[in-house]
Amino acid sequence: MAVFASESGQWAACRKCTGLVRKRDWKALTNRAVKEFVKRHRISKQEVTAVRAQLAEVDRLFAEHMKP
Ligand SMILES: [Zn+2]
């Protein structure tokens with residue numbers, strides 16, 4: 001789906017994440033990504049905090065470049 005203001009680039013996501021993007025529910029999207037990451041990788045609580053911060057930044061940047 002072309003969603004970026006620059007008209008370049010595309011994104012893809014599973015059905016549930018797509019719903020969160022459409023609702024612009026960035027907090028829920030980040031929480032979902034963190035939950036999935038933790039499920040797939042054995043990491044410490046401190047690492048979870050760092051991963052959450054990184055994924056929140058990814059979502060923030062994604063939101064910043066979406067069409068208004
Ligand atoms: Zn997803």
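**Zinc site, charges and helices**

The protein chain holds three helices and zero strands, where helices (H or I, at least four residues) and strands (E, at least two) are DSSP runs numbered from the N terminus. This is a predicted model, in which local features need pLDDT of at least 70 and side-chain atom pairs count only at pLDDT 80 or more, while totals for chains, interfaces and linings use all residues. Residues are numbered from 1 along each chain as its sequence is written, and side-chain values use heavy atoms, with hydrogens and water left out.

Reader: What makes Cys 14 and Cys 17 donors of the zinc ion?

Author: Donors are N, O and S atoms within 2.8 Å of the metal (3.2 Å for Na, K and Ca), and water is not among the atoms, so sites may look incomplete. The SG atoms of Cys 14 and Cys 17 lie 2.1 to 2.2 Å from the zinc ion, and therefore count as its protein donors.

Reader: Why is Cys 17 called buried, and why is Cys 14 called partly exposed?

Author: Buried means under 20% relative accessible area, exposed over 50%, and partly exposed in between (1.4 Å probe, protein chains only). Cys 17 has a relative accessible area of 17%, so it is buried, whereas Cys 14 is at 39% and therefore counts as partly exposed.

Reader: How do you know that the side chains of Lys 39 and Glu 36 meet in a salt bridge?

Author: A salt bridge is a side-chain nitrogen of Lys or Arg within 4 Å of a carboxyl oxygen of Asp or Glu. For Lys 39 and Glu 36 the N to O distance is 3.4 Å, so the pair satisfies that limit. Both residues lie in helix H2, three residues apart, about one turn of the helix.

Reader: What makes Glu 36, Lys 39 and Arg 40 a network?

Author: Glu 36 meets Lys 39 in a salt bridge, and Glu 36 also meets Arg 40 in a salt bridge, at 3.1 Å from N to O. The three residues are thus linked in a network of salt bridges. Lys 39 is called exposed because its relative accessible area is 62%, while Glu 36 is partly exposed because its value is 29%.

Reader: How do you know that Glu 64 forms a salt bridge with Arg 60?

Author: The closest N and O atoms of Glu 64 and Arg 60 are 2.8 Å apart, so this pair also counts as a salt bridge. Glu 64 and Arg 60 both lie in helix H3 (residues 45-64), four residues apart.
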